[in-house]
Every structure is written in C-alpha cells, then in structure tokens.
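Q: Could you take a close look at the ligand site in this model for me? I would also like to see the sheet described alongside it.

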Amino acid sequence: MPCLSLAEKKSANTLAARLARLGLRTDADYVLHLPLRYEDETRITSIRDAQPGVAAQFEVDVIDSEIAYRPHRQLLARVRDAGGGLILRFLNFYPSQQKTLQAGARLRIFGELHEGHLGPEIIHPRFHVVGADESLPECLTPVYPTTAGLGQATLRRLIARALQRADLSDTLPPALRQRLRLPEFAAAIQLLHTPPPDIAQAVLESRDHPAWRRVQFDELLAQQLSLRRAYTARRARGAPRLLATTKLTKTLLASLPFRLTAAQQRAWREIAADLGQPHPMQRLLQGDVGSGKTVVAALAMLHAVEAGYQAALMAPTEILAEQHYRKLAVWLAPLGLEVAWLTGSLKKREKEAAIARVGAGETPIIVGTHALIEDKVEFARLGLAIVDEQHRFGVRQRLALKEKGLFAHQLAMSATPIPRTLAMSYYADLDVSVLDELPPGRTPVTTKLVAEARRDQVVARVHEACRAGRQAYWVCPLIEESETLQLKTAEETFERLTADLPDLKIGLVHGRLKATEKAAVMTAFVANEIQLLVATTVIEVGVDVPNASLMVIEHAERFGLAQLHQLRGRVGRGTDASACILLYAQPLGELARARLKIIFEISDGFEIAREDLRLRGPGEFIGARQSGLPLLRYADLQDAALVEQARAVAEDMLRDEPELAAAHLQRWLGGREELLKA
Ligand code: ADP
Ligand code: MG
C-alpha cells in the first residue's frame, strides 16, 4: 500500500489487529458475528413517558450546556422536548462533543433515564444531531461483542457490508430443515442482525427464538462434521494389524493376584479387536480413579509386543510415569520383558542409551513423560501409543505424539469422567470404552468436613492412624496466584507438622523438587519409610499406595470438584477403612459451599462431573482452550437433544451430501480446522 501515510498504515494495522482479535477475517466470520443484544431506536419516547432504568430514545432540543466542576470536571447539557426537560451528564468528553451540544441543536439521544440531584438525567447518552429529514431506522439496532478500541458503528458498517456480499445460501437440504423445524439460514441471519421492530426483543435476547436455534444447530453441526471428518481421515491412514498370539497376555492374567472386573474384560476385548484392524485404533479408555486402567493398558501393550511391535506409554508427570513404570516392571519382568524408562530428568548418557535401544528395537515397552516425543526419539517399530490422562497434555504435545505414531494404534486414558452430551462432542472423533465398575473389595472412603478451627483434632487423628501402622497424605492448599507462595505454604505446613508430631516420619513432595528427589520421596512413601506425606497437588493423579488410608486436604474450599475427587481417589485403595478430611476456612463463598456439599454427598465420579458441569458450564469444564476444541459461541453443549440431532445429521451429511458438508465447514470454521486434529 504505497500511497498510505505512516499514520494511516498504523491505523489500518490496528483496525485489522482488533478485528483479528474478534476472529473476523472472512465475510462468513462477520456474518456469524451475532449481536449480544439490541437497542430500539425505531421509535421516539416522550420524556414525560420515560421510565427510569429503561433504555429509550428521545428527540430533544439543547437549551444550554456548560462545563461544571462539582466535584470533578464534567459536561452538563440541559435539553427538552414537548413533554419535559432533562440533563445530559458527561464525566469524560471530547471538545467536539461539547461543540455539538450547543444551544438550539436538535438531537436524538439514547440512554437510560434516572433521577439525579438536578432532576431527571441521563449519564453518557449516545447522541447525534438529527439530519434535516432523517427518518427512524426500520430495525432494531444490534449491539455486537467487541474489543477495546473498536466501536459499534464501525462493526455495524463492516457487518452490514459483509451481509450484502456474503453467500448466505443454505447448507441444509430443505427436507432436512423442515424435519428439524429450522428456518432458512439466510432468513435467520438477517433477522438476527436486523430484527423488525415488532419482534419480541426479550425473546430474541434470551436466544430462545427459532433463528437462534438455527444458528446453534449449525454451530454444533460444524463441530460434529469436523470431528467426524478428522476421525475418518485418520482411519483411512492404515496401521499394522496386530495379530496376537495371546501367549503373553494369558501369562500376565494368570500371574495377577486378582481377576479382571467385567468392565475391564469388556474394555480389553474392545481394544484387542481394534488392534487387529488394518487402520489405527482411536480409542479412549475412560474410568474413574481406581477403576484399574493400568492393567488394561498393560494387556494392550503385551498384545502389540506379541505381534512383534513396540508399545509406548506416556504420562503427564514424572511421578505418574514412574508409577506406571514400576507397576509394569513388576508385572512384566517374570515374562522376560524389558521396560525402558525415558524422562527428561535422566542423565544425558542414560537417556542416550535408552533412546538408542528404543531406536534399535531392543526394548519392546517404553514408559515415560513427554520426553518420549522429543525429536531425537525414533521408535524402531511402534505399534501402539498409549497416553495417560491425555487431557493434561497440551495440543502441541498431542500432535507430536500423533506424528511419532502416525501409523500406530492410539489409546488415550482418562480418569476425568465426562457427562454424555459433552463426551459426544468432545470425543466425537474417538471410540470410547468405559470402566464403569470398581474392583471389588474396596472400602468406601468416608468424607468429613471439618472447620479450620478444629485443625488440632485432625492432627491428632493423623497421629493415631500412623501410630496404628497406616499412612496418610496431607495436601496443601492451592494458591493460584503464585507457585512460590504455594511452595512456601507447603514447607511451612511440613515444618509445623514435624514440630507437632515429632515421633512420625514425615516427607514433603512438591512440584519444584528435582525429579530424582521426588522419586526418592515417593519410593520411601511406598516402602512405608515415610508415614505422613505432605504434598501439593502433584499427587493429584495416579499415585497408588494402598496402605495410605487417610487424606487431609487443607483449604479444601479452594479446590475444584474434579481435583477434590481425584485427590480423594488416592485413598480407599487398600482393605482398611479410609477417610478423607476436608479442612475448610470460613467464611465460605457460595460456590465453594456448593462444591463441598457435592463432594461430601457424592462419591461417584460421573455424578460429580455432572454437577461440576452444572456449576461451571461446559467451556471451562473441559478446558476447551487447552483441548484445542473451539469454544462454542452460541450453542450449549448441555442441550442434549440438539447435540444428538447434530451428531446424527453430521453422519448422514458426510455420506450423502459431501459438498454441502464442505460448504458448511468452510462457513463455520474457515481455515481453523487444523487445531481439531490434535
Ligand atoms: P486407575 O484406573 O485409577 O489408573 P489403577 O490402574 O491404578 O487405577 O488401579 C488401581 C488399583 O487397583 C491398583 O492397585 C491395581 O493393581 C488394582 N486393580 C486393578 N484391577 C483390579 C481388579 N480387577 N481387582 C482388584 N484390584 C485391581
Ligand atoms: Mg491411573
């Protein structure tokens, strides 16, 4: 753009940047940028009829205006219409505005009237000088979501222009639209941007209107189409058929001190069937904490090894990876299988040696953290990649693993139970196996709520349990603002408990420890050389020490529901009666109170997840940003019926109407689909 001055270029750049912040690039983006609410400028209200607190439009003459200093500099204008007078008050203003508000000017003003010191007034009304024969607008004025420095007038102009230009043709076949009782796309969109004045504004703003329903359906459909398409694309890629001899898996099953639960057997059958297919498995194994996912993962890994391939298991933290490593090493050593261990904390030489053995195909089974997906790691024959707690990995890490095991079978594991409607959308690109049953013989965990003031009694109880040969966790509060502060608190708690309970062996584990230090503490705890383990939330996932039967969570009111559930799942793993004591500080906020009540009353992970979803709403629930799933702007994932419809329509459309499906995706996602493939 050679003819633009520097200032012009700069302002063009900032406008573009602001629009980009709103995700506005294509005409379709503008068309789908829908109003938050509306203002009715289609009629003029007389000042006499104005109701306090209700926004309305008035047409007035300016009597006079002045800058006052009471107590701050402000601009006051006295105006009137045939029925009465009022004051316009501006606490900040431009000189140009002052000029416009000159005696005799005729204005249209829009705002909420209320009673001020000097009589009725409007603070910061929107206003403009009425043109000679200016008519009233024919539709309600849309108010769009915007960002700092981007005014409504600019947005309205850009959107109106896009509406003229954009292709608004329908992506739903007419028969389908009629069956679903949805209006045409073009009509729905026009109505939402430019509603006629006689429409029920409240209904429109509550989004309970057929036009909104159409938009919500379309948005869900785009999500389903995109997820299903990614699934099909991956499926088309081809993977080695892993034909098992069952020799290793049978030996493992025979050597276990327990029998698989019915749920474990079912999941294992589903996984084994997938592994025998010539395309990659894309399965999620979902099961509450303690439901026994690890052994199912071990069976899947053995299946791959029998077929002559390698299997890798990746976990999000060192502690968790190490637990898997230990357990697998114990189970698999008798079968004569080596388990390789690969994490960032290994010494350089050890790491290089491990990578070399993995690359030469000498180790059939590899367990580790995201060190597994570093560039240097090349698997000789990777047949199966398992990711534990997959939602804890970032999008980039998941993509990297996909690339490593592009042609490998994939199994994700998650202990975060996700309610059905959410699962349909979050996992539309995965097959799901659910462990809906806990192994027998678990004693349910008793949950107690105890006020901070009674901390001494809790300390006494911990003392008693440890003296009786059991072990306990003491979980320190989450301090969101500062990791340093969190660490400090953990150290103080450790010191205080050490002083209070001098005859106990107490350990401390937190995120800042070196991996080897962490491992040393955990090993000592597993061996019962440490009786009381003071910890931050690093123990949240996966830690498995059956002799630990008591958990204290300090400042439980600061934790989220899912976290509390995960933490509580660390006890109740042995035969002793277990308890989880939630210490809370008063006063409790409303949300904290609701969470504590739920965790106290409910032990089932799925039910807790449902309540959590209700409290928090879906976006935050799945951490959508982190998952790479675009947040839904208009649809609500809790609208189960609509989600189901969109899912069914997506399947049909991909099969019968691929061009419409492509057009629909283009409209809604443009070029943003890549993210979804993670
Ligand atoms: P999670 O699903 O939370 O990862 P784990 O795989 O760690 O659960 O299993 C929890 C505990 O239950 C482990 O000690 C495991 O050995 C044991 N376990 C797994 N399956 C069974 C079973 N069928 N019967 C008894 N104990 C089992
Ligand atoms: Mg686990």
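A: Happy to help; here is the ligand site, followed by the sheet.

This is a predicted model, in which local features need pLDDT of at least 70, side-chain atom pairs count only at pLDDT 80 or more, and totals for chains, interfaces and linings use all residues. Residues are numbered from 1 along each chain as its sequence is written, chains are lettered from A and ligands numbered from 1 in the order in which they are written, and side-chain values use heavy atoms, with hydrogens and water left out.

Around ligand 1 there are 17 residues, and Arg259, Gly290, Lys293, Thr294 and Arg442 come nearest (a residue is near if one of its heavy atoms lies within 4 Å). That shell divides into four nonpolar, six polar and seven charged residues; Ala, Val, Leu, Ile, Met, Phe, Trp, Tyr, Cys and Pro count as nonpolar, Asp, Glu, Lys and Arg as charged, and the others, Gly among them, as polar.

Oxygen atoms of ligand 1 have polar contacts (pairs of N or O atoms within 3.5 Å). A polar side-chain atom of Thr294 lies 2.7 Å from one such oxygen atom, and for Lys327 the side-chain distance is 3.2 Å. Ser291 takes part through a backbone N or O atom, at 3.5 Å. Taken alone, ligand 1 exposes 570 Å², and the protein buries 85% of that (Shrake-Rupley method, 1.4 Å probe).

Now the sheet: seven strands form an open sheet with parallel pairing, in the order E12-E13-E11-E14-E15-E10-E16. Strands are DSSP runs of E, at least two residues, numbered from the N terminus, and two of them pair if DSSP finds at least two bridges between them. Strand E11 (residues 310-314) and strand E14 (residues 382-388) pair over five bridges, with Ile386 in E14 as the bridge partner of Leu313.

Definitions and conventions: Helices (H or I, at least four residues) and strands (E, at least two) are DSSP runs, numbered from the N terminus. A polar contact is a pair of N or O atoms within 3.5 Å; within protein, one must be able to donate a hydrogen and the other to accept it, and residues adjacent in sequence count only if both atoms are side-chain atoms.
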